[in-house]
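Trainee: Got a minute to walk through this one with me? I'd like to go sheet by sheet and then look at the ligand.

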Amino acid sequence: MQEYFALPPLAIAAGRGGWLVDTEGREYLDGNASVWTNVHGHRDPDLDAALIAQLGKVAHSTMLGLTHAPGAELAAELVKLAPPGLGRVFYSDNGSNAVEIALKLSFQFWQLTGQPEKRGVIGLAGGYHGDTFGAMAVGDSGFFHDRFRPWCFPSDHFPAPVCDEWAGHARQADGTKSLDALRALLSRRAAETACVILEPSVQGAAGMRLQPPGFVSDVARLCREHGVHLILDEVFVAFGRLGKMLVSADEGVIPDFLCLAKGLTGGYLPLAATLARDEIFEAFLGSYESRRAFFHGHTFTGNPLGAAVALANLRKLRPLIESGQLQERIAHFGRTIDKAFAQHRRVGEIRQRGFAAALDLVPVRGSPKRFPEAERVGLQVCLRARDYGLLIRPLGDSLLLVPSPGLSTAELDQLVGRTVCAIDAVLPI
Ligand SMILES: Cc1ncc(COP(=O)(O)O)c(C=O)c1O
């Protein structure tokens, strides 16, 4: 907050399409998709209409002991999109909660089926699953969460695979060591392990750390062989972010639990869902006094406004994916990044997949030297980007470019072009 208060405040008053407008009337391209949530742009007419229509019916009604049409319809849609067998949907209201629910369901399942010693969790190094305690416990976000370790339950982590990729270039891609480490962990600990959790394909908050093709299905196979649940956290990667609805369904991977949030409502409202396999659901059935029920619920779980706008989001997204339009935009984004940064003297590694990219800023390309942390170079570039009408966010000295899938190719060019201007202004050659 000390740093934030020292900067001129920037308050957003309006938005349209890929753009946000501040209270002074200045326009900014939203290169962060409003924290990785926005899918079709701001004030999308179809999403607005769905929301207004639902407002004419009811804004909120609980899902404790009741249901409602948009919630039920959305659950049916999600089940259709999900890998086969994930027939049950548990709603909540943000990504961290979707993860907490998957973890608790996994823990309780093993208790209910007579294996209470299966309590451990294995996550992927660099994993981020949210800021609540369970999510922190299974994540690996370094100093973001380190000071809360004493209050977190212990978990293991296996090393992430290596994979640099953008616009068809792949400097390195190898998941072998990572999979060997997971296999070794599972061989020793499967009997005490409830689940493995990871973000499939791209670890967003770790700085767009990519996984080689086939990595997630190899992890799924190891989990199955060792009788351990697999939780896929698609909070970041789903709903067009990587050009598909769901990474798991696209790659033919069947997890036990699937966590969804962010883009589910096109970035309009807080809504999340944890999908579970039918067999897991069935283990929770029993009389009240058998105490098999899952005692977990959030007040705004499955909010009807969120569900109505999520249905409109999915209706609008499907043709964009099926027609190949999103893939074309992604290819264009990759080529533009390649042209602008592959030879840029201030950019070391580039990682891009779908509408997700990270550029590591360095003093000189090819040299191992890094900027001193206190210079806050990444932040300085993002602040300068505002002068060029662009909102992006840094992660240390990496710039994260996370456009809405709804941006046009011309807007994607502007995103990259304005980023170049900001880098060159802060770090002139
Ligand atoms: C992969 C992943 N999981 C979970 C979360 C947490 O979601 P939320 O911020 O909605 O709690 C995030 C947020 O960035 C995320 O990227």
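Trainee: How do S15 and S16 pair, and over how many bridges?

Mentor: Keep in mind that this is a predicted model. S15 and strand S16, residues 356-361, are antiparallel partners, joined by five bridges.

Trainee: Which residue of S16 does Ile-350 stand opposite?

Mentor: That would be Leu-359.

Trainee: And what packs on that sheet?

Mentor: Helix H12, residues 325-341, is packed on it, with contacts to S15, S16 and strand S19 (398-401). The direction of H12 makes about 175° with that of S15. Helix H13, residues 377-387, also packs on the sheet, and H13 touches S16, S18 and S19. For H13 the angle with the direction of S18 is about 170°.

Trainee: OK, zoom out. What's the strand order in that sheet?

Mentor: S15-S16-S19-S18, four strands in an open sheet with antiparallel pairing.

Trainee: Why do S15 and S18 each have one side without a neighbour?

Mentor: Strand S15 (347-353) and strand S18 (393-395) are the edges and have a single partner strand each, so one side of each has no neighbour in the sheet. From one strand to the next, the twist averages 25°.

Trainee: Switching to the other open sheet. How many strands, and in what order?

Mentor: Seven, ordered S4-S14-S13-S12-S9-S5-S6, and here the pairing is mixed. Strand S4 (88-92) and strand S6 (156-158) are at the edges, pairing on one side only. Ignoring direction, neighbouring strands in this sheet are turned by 20° against each other on average.

Trainee: Are S5 and S6 parallel or antiparallel?

Mentor: Parallel, with three bridges joining strand S5 (residues 120-124) to S6. Leu-124 has Phe-158 of S6 as its bridge partner.

Trainee: Which strands does H8 lie across?

Mentor: Helix H8, residues 215-225, lies across S5, S6, strand S9 (193-198) and strand S12 (229-233). H8 runs at about 155° to S12.

Trainee: There's a hairpin further up the chain list too. What's in it?

Mentor: Strand S1 (residues 12-16) and strand S2 (residues 19-22), antiparallel over four bridges. Arg-16 is bridged to Trp-19 in S2. Two residues sit between the strands of that hairpin, and Gly-17 has a positive phi near 60°.

Trainee: Now the ligand. Which residues surround it?

Mentor: Asn-94, Gly-95, Ser-96, Tyr-128, His-129, Gly-130, Glu-199, Asp-233, Val-235, Phe-236 and Lys-262. By type, that shell divides into three nonpolar, five polar and three charged residues.

Trainee: What about polar contacts?

Mentor: Take three in a row. From Asn-94, a polar side-chain atom is 3.4 Å from a ligand oxygen atom. With Gly-95 the partner is a polar backbone atom, 2.8 Å from an oxygen atom of the ligand. And an N or O atom in the side chain of Ser-96 lies 2.5 Å from an oxygen atom of the ligand.

Trainee: How much of the ligand does the protein bury?

Mentor: 83% of the 390 Å² that the ligand exposes when taken alone.

How values were computed: Residues are numbered from 1 along each chain as its sequence is written. This is a predicted model: local features need pLDDT of at least 70, side-chain atom pairs count only at pLDDT 80 or more; totals for chains, interfaces and linings use all residues. Side-chain values use heavy atoms; hydrogens and water are left out. Two strands pair if DSSP finds at least two bridges between them. Axes are lines fitted to C-alpha atoms, for helices over the stretch in contact, and angles run from 0 to 180 degrees between N-to-C directions. Contact means heavy atoms within 4.5 Å. A residue is near a molecule or strand if one of its heavy atoms lies within 4 Å of it. A polar contact is a pair of N or O atoms within 3.5 Å; within protein, one must be able to donate a hydrogen and the other to accept it, and residues adjacent in sequence count only if both atoms are side-chain atoms. Accessible areas come from the Shrake-Rupley method with a 1.4 Å probe; for residues, only the protein chains shown count as cover. Ala, Val, Leu, Ile, Met, Phe, Trp, Tyr, Cys and Pro count as nonpolar, Asp, Glu, Lys and Arg as charged, and the others, Gly among them, as polar.
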